[in-house]
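Trainee: Could you take me closely through a single part of this model? I should like to follow how that part is placed and what it is paired with.

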Amino acid sequence: MKKIIIIAIILIVLLIAIFFIKTNYKLFKFGNNMSSKSADKIEEYILDIDSYELTSNVTIESNKNTNVYVMKESCIRDNNTFKQEILEPENVRGISFIYDGTNLKIENTNLNLNKIYQNYPYIGENTITLMSFINDYMEANEKNISENENEVIIEIKLKNGNKYSSYKKLYIDKSTKNPTKLEIQDITQKTSIYILYNEIKVNNLQKEDILAFKLERIAKDI
């Protein structure tokens with residue numbers, strides 16, 4: 001009888017230990033003050049972004065100087081249709097990068113710039129875009145979701161990062177559920193690129209809203 005009681009106690013202790021190990025793992029994965037259920041909702045929201053249109057202030061820090069740009073960005077995820085336009089500073093205003101899923105076009109009528117790159121894997125290489133963060137989030141092995149009073153913060157370690165871009169941190173407003181800013185950090189977790197989203201519209205674009213040229217025009221220009 002004593003042996004049965006001892007075995008029962010051991011089993012209970014093991015069950016309690018397993019419960020706490022699983023609980024602590026979830027807290028480590030999703031942040032100290034955010035439940036796994038809330039984290040799942042945020043993850044679902046991020047992965048459900050099929051298209052977006054936004055304007056942003058992009059600050060790029062280097063050892064020598066700081067550069068600030070105002071940019072407009074549009075993207076449709078399913079077909080990798082993408083457009084990015086520089087609005088400021090004035091000396092590079094109007095430069096546009098337009099990607100149709102296969103070919104990249106760089107243009108600026110003011111500078112008489114019109115260049116086309118065929119079979120260019122552009123969208124996967126542009127680390128400052130919101131879509132790049134979504135793709136990196138899906139591939140990341142290390143990620144953490146936490147929250148403060150007003151925001152949800154999603155942190156990831158890039159699977160294929162480098163010394164200039166190793167970590168990303170996206171902030172999402174709780175009331176609007178829209179991203180408010182993105183930080184890109186180097187290997188020492190120092191912020192090298194800071195992106196503040198001024199306006200953002202999610203899931204309301206069609207391919208024709210982004211492309212400023214047709215495939216037939218590309219062939220003609222080439």
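Mentor: Two strands count as paired if DSSP finds at least two bridges between them. The model is a predicted one, and the part I propose to examine is strand β8, residues 151–157.

I begin with its surroundings. Buried here means under 20% relative accessible area. Five of the seven residues of β8 are buried, so the strand is largely enclosed by the rest of the structure.

Next come the pairings. Strand β7, residues 142–147, pairs with β8 in the antiparallel sense, and six bridges connect them. The link between β7 and β8 is a hairpin of three residues. Strand β9, residues 167–173, also runs antiparallel to β8, and here the bridges number seven.

Residue I156 of β8 allows both pairings to be traced. With respect to β7, I156 is the bridge partner of K143; with respect to β9, I156 stands opposite K168. In a regular strand, side chains alternate between the two faces of the sheet.

For wider context, the largest pocket of the model has a volume of about 600 Å³. It is lined by 24 residues, and N162, Y164, S165, I184 and S192 are the closest to its centre. The elements that contribute two or more residues to this lining are α3 (130–139) and β11 (191–202). By class, the lining of the largest pocket comprises twelve polar, eight charged and four nonpolar residues.

Technical notes: Residues numbered from 1 in each chain as written. Predicted model: local features only at pLDDT ≥ 70, side-chain atom pairs only at ≥ 80, totals over all residues. Heavy atoms only, no water. Buried < 20%, exposed > 50% of the residue type's maximum accessible area, 1.4 Å probe, protein only. Helix = DSSP H or I, 4+ residues; strand = E, 2+ residues; numbered from the N terminus. 1 Å grid on protein atoms, 1.4 Å probe; cavity = no way out; pocket = protein on both sides within 12 Å on 5 of 7 lines; lining within 4 Å. Points joined across faces, edges and corners; volume = space filled by probe spheres on them. Nonpolar A, V, L, I, M, F, W, Y, C, P; charged D, E, K, R; others polar.
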